[in-house]
Amino acid sequence: MTFAARPIERTASLAVRVYAEIERMILTGDMQPGSRIKEAVLAEQMAVSRAPVREATRALVEAGLLVSVPARGVFVREMSQREIAENYDVRSLLTGLMCAQAAERRTASDVAKLKRLIADMDIAIAAGRIAHYYEINLEFHQLIGRIADHSCAHRVYNDLIRETHSLRRSLSSPGQTNLEHRSIVEAIECGDAELARRRGSEHVLNGKARWKASIETTAPAAAAI
């Protein structure tokens with residue numbers, strides 16, 4: 001059988017690199033939700049032509065990180081309150097599933113790595129390095145996903161995480177969340193799948209509660225403006 005392959009664009013690899021850089025800026029909060037994407041400015045900053053920037057932004061629109069508004073341009077996606085709430089709900093289920101499977105499949109080495117990350121987060125908290133804490137937090141949950149070895153759950157979980165990086169950074173309560181991390185690892189180490197599922201799910205729902213509290217706190221101030 002003969003396949004009709006299409007020619008590879010010379011700018012393809014460059015567009016991938018531009019995609020990665022724009023994605024990085026969105027996920028780190030350098031580009032805030034609602035920010036307009038200016039092709040010419042980005043092309044100049046990255047020392048590339050506008051073609052790979054345009055290609056990258058189209059791909060990021062398809063990935064859900066950017067949104068194209070007719071007659072206005074391309075913007076960093078802003079999630080509605082309903083979308084954020086639903087994201088938390090689904091992540092709660094997936095986190096519970098992965099924690100349960102991690103409890104069934106963990107090795108002593110896996111548990112030691114999880115405990116080391118918790119200790120690293122404690123150090124970051126004590127030093128006031130909250131951004132560094134957040135990065136280790138992400139690594140902690142990625143490790144649980146790898147231990148669980150559920151590729152579908154891990155893939156969907158990562159897609160949901162990418163949507164909410166900016167929000168979760170702003171709501172970080174490191175002291176409380178690391179206590180929750182410790183309780184999850186205790187359940188995983190004991191091999192108690194149901195307890196690990198419950199604690200993993202509750203961990204995400206606690207984050208949802210903090211988000212809802214932040215809305216209630218800011219709403220009166222906004223109404224007074």
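Trainee: Which helices each supply at least two residues of the lining of the largest pocket?
Mentor: The model is a predicted one, and its largest pocket has a volume of about 340 Å³. The lining comprises 19 residues, and Pro33, Arg77, Glu163, Ser166 and Leu167 lie nearest the centre. The helices that each give at least two residues to this lining are α1 (12–28), α7 and α8 (165–170).

Trainee: Which helix gives the most to the lining of the largest pocket, and with how many residues?
Mentor: The candidates that each supply at least two lining residues are α1, α7 and α8. Among the residues nearest the centre of the pocket are Ser166 and Leu167, and α8 covers residues 165–170. The greatest contribution to the lining comes from α8, with 4 residues.

Trainee: In what order do the elements of the protein chain run from the N terminus on?
Mentor: The protein chain contains 10 helices and 2 strands. Starting from the N terminus, the order of the elements is α-α-α-β-β-α-α-α-α-α-α-α.

Trainee: In β2, which residue is the bridge partner of valine 67?
Mentor: Strand β1 spans residues 66–69 and strand β2 spans residues 73–76. The two strands pair in the antiparallel sense over 4 bridges. Valine 67 has as its bridge partner in β2 phenylalanine 75.

Trainee: Is alanine 71 buried or exposed?
Mentor: Alanine 71 lies in the loop between β1 and β2, a hairpin with 3 residues between the strands. Its phi is positive, about 70 degrees, although alanine 71 is not a glycine. Most residues other than glycine have a negative phi. Because the relative accessible area of alanine 71 is 90%, while exposed means over 50%, alanine 71 is exposed.

Trainee: Where is aspartate 149 found, and is aspartate 149 buried or exposed?
Mentor: Aspartate 149 is a residue other than glycine with a positive phi, near 60 degrees. Its place is the loop between α6 (130–148) and α7. Since its relative accessibility is 57%, aspartate 149 counts as exposed.

Trainee: How far apart are the end C-alpha atoms of helix α7?
Mentor: Helix α7 runs over residues 151–163 and has 13 residues. At 1.5 Å a residue, the helix should span 18 Å. The separation of its end C-alpha atoms agrees with that expectation, at 19 Å.

Trainee: Which residues of α7 are buried?
Mentor: An α-helix has 3.6 residues a turn, so residues three or four places apart point the same way. In α7, the buried residues include Ala153 and Tyr157, and also His154 and Ile161. The full set is Ala153, His154, Tyr157, Leu160, Ile161 and Arg162.

Trainee: Which residue just after α9 takes a positive phi?
Mentor: Helix α9 covers residues 174–190, and its end C-alpha atoms are 24 Å apart, in agreement with the expected 24 Å. Its buried residues include Pro174, His181 and Ile188. Just after this helix, a positive phi of about 75 degrees is taken by glycine 191.

Trainee: Why does threonine 57 count as buried?
Mentor: Threonine 57 has its place in helix α3 (residues 50–63). Leaving out residues up to four places away in sequence, threonine 57 touches Ile22, Ile37, Glu39 and Leu66. Buried means under 20% relative accessible area, so threonine 57 counts as buried because its relative accessibility is 6%.

Note on methods:
Residues numbered from 1 in each chain as written. Predicted model: local features only at pLDDT ≥ 70, side-chain atom pairs only at ≥ 80, totals over all residues. Heavy atoms only, no water. Expected span 1.5 Å × (residues − 1). Buried < 20%, exposed > 50% of the residue type's maximum accessible area, 1.4 Å probe, protein only. Pairing = 2+ DSSP bridges. 1 Å grid on protein atoms, 1.4 Å probe; cavity = no way out; pocket = protein on both sides within 12 Å on 5 of 7 lines; lining within 4 Å. Points joined across faces, edges and corners; volume = space filled by probe spheres on them. Contact = heavy atoms within 4.5 Å.
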